[in-house]
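Here is a short briefing on one protein chain. Please look over the sequence and the structure before reading on.

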Amino acid sequence: MTAFQRIAVLGSTGSIGESTLDVIARHPDRLAVHALSAHSRMEKLAEQARASGARVVVVPDAAARERFLQAWGSDAPLPQVRVGAQALADTAADPACDTVMAAIVGAAGLPSALAAARAGKRVLLANKEALVAAGSLFMGAVRDHGAELLPIDSEHNAIFQCLPHGERASAPTRPAAGVRRLILTASGGPFRQHDPELLHGITPAQACKHPNWSMGRKISVDSATMLNKGLEVIEAHWLFAMPQDRIEVLVHPQSVVHSMVEYEDGSVIAQLGQPDMRTPIAYALGFPDRLASGVGLLDLARLGRLDFEAPDLRRFPCLQLAFDALAAGQGACIALNAANEIAVDAFLRERLPYTRISAVIAETLEWHAGRPSVTLNHLDDVLAEDAAARAQAEQIQARSVPAGR
């Protein structure tokens, strides 16, 4: 049995954070909250801190601190309130916690995830940018500082569960012995059967209505475009030291088979479960033990069938763009992610048509291909490359026709 864990949940008010707190609350004998962080939802953060007994909360600025204090409204002892990005990184490295749930969405979560790795923590990685934008740097930090890296994305967690037990190094430098392919599954999102010619007028409400998963708005759009799956391909490359040509994607609309590992002898091992993020979260919190997650039984008889199909790249051009970026190198992956964040934000604010999301990404990748190559050996290098790509994507997005016009 693993030792008692004191956990920092970074990004606690998002869907991953809330699910993490739900699992922690089920195991007070072995799990406790040390710290929570949030960017904007101070009332929710105060509610979570009261319920969990968090000793520390981290907020982005002085105004957020005041909002948190106003929301506290309790006779319970006030947690220590830390402010700013450096405080977030310091909390991730805090000796008072053992485990860090890195669930901050976007590039904003990269410095704290890296700080946790450098502090040798057990890192539960739900932030994609740590690997998409800084895969070499992050995995090097895990190796150099003896951190334990456990993936939270349902697909990577599934692969992790399907690998040979003896090959579960935190930062492998070669594929696991005997593995031929990694097969990532994708639901296909809400537009799996839509005519690609009719996607231009898709609204944010339609794109955020995922058929299987309950997620935040940004990741829901990424699932609809399948850019999310492309980012997961890049992550799988780093997490499992797997060459790009040995990673495949299959559309599986039921979201029951979360991913598969194919071995050299032809065996395929799959991990199945309900589409509920508490399963991979509980697995990572308890590893190598299994913890109750609160997820119900899987009724395969009721489902009756499991379907699989190849992704239609005409409907999902963002998936091909991600494969292209991985082949082009780390800088292109940074540009891919940065451009997607800019484009999705504009789409959600109804300033960009749905079909222009992929166009903004493609144009940003073209811009990047024409730039001189740069070294990405330090976090500052990664953040500078990210900032340059965002600035370019903003210019491209500004030239686009607003949705509905």
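**Briefing: fold, surface and aromatic pairs**

In this chain, 69% of the contacts with a separation of 6 or more are between residues 24 or more positions apart. The model is predicted. The chain has 17 helices and 11 strands. Its radius of gyration is 21 Å, close to the 22 Å that the globule rule gives for 405 residues, so the chain is as compact as a globular protein of that length.

**Size and surface**

- Along the principal axes, the C-alpha atoms fill a box of roughly 60 × 50 × 45 Å.
- Of the 405 residues, 56% are buried.
- The accessible surface is about 16900 Å². Carbon and sulfur atoms account for 51% of that surface.
- The chain carries 38 positive and 44 negative charges. The mean positions of the two sets lie 3 Å apart.

**Aromatic pairs**

- The structure contains 6 aromatic pairs.
- One of them joins Phe 160 and Phe 287 edge-to-face, at 5.4 Å centre to centre and with 65° between the planes.
- This pair links distant parts of the chain, with the two positions 127 residues apart in numbering. Phe 160 sits in helix H8 (residues 154-162). Phe 287 sits in the loop between helix H12 (278-286) and helix H13 (300-303).
- Phe 160 has 5% relative accessibility; the cut-off for buried is under 20%, so Phe 160 counts as buried.
- Phe 287, at 11% relative accessibility, also counts as buried.
- In the pair of Phe 347 and Tyr 354, the ring centres are 5.6 Å apart and the planes meet at 65°, so this pair is edge-to-face. Phe 347 and Tyr 354 are both buried.
- Ring pairs also build a cluster from Phe 160, Tyr 283 and Phe 287.

**Helix H8**

- How many of the residues of H8 are buried? The count is 9 of 9, and the helix is mostly covered.
- The buried residues of H8 include the polar or charged Glu 155, His 156, Asn 157 and Gln 161. Also among them are Ala 158, Ile 159, Phe 160 and Cys 162.
- What do the buried residues of H8 pack against? Their strand partners are S7 (148-151), S8 (179-186), S10 (257-263) and S11 (268-272). Their helix partners are H11 (227-239) and H12.
- Phe 160 thus appears in two lists: the buried residues of H8 and the ring cluster with Tyr 283 and Phe 287.

Terms used: Residues numbered from 1 in each chain as written. Predicted model: local features only at pLDDT ≥ 70, side-chain atom pairs only at ≥ 80, totals over all residues. Heavy atoms only, no water. Helix = DSSP H or I, 4+ residues; strand = E, 2+ residues; numbered from the N terminus. Rg over C-alpha atoms; globule rule 2.2 N^0.38 Å. Buried < 20%, exposed > 50% of the residue type's maximum accessible area, 1.4 Å probe, protein only. Contact = heavy atoms within 4.5 Å. Areas by Shrake-Rupley, 256 points an atom, 1.4 Å probe, with all protein chains shown as cover. Lys, Arg positive; Asp, Glu negative; His and termini not counted. Charge placed at Lys NZ, Arg CZ, Asp CG, Glu CD. Phe/Tyr/Trp six-rings, centres within 6.5 Å; stacked < 30°, edge-to-face > 60°.
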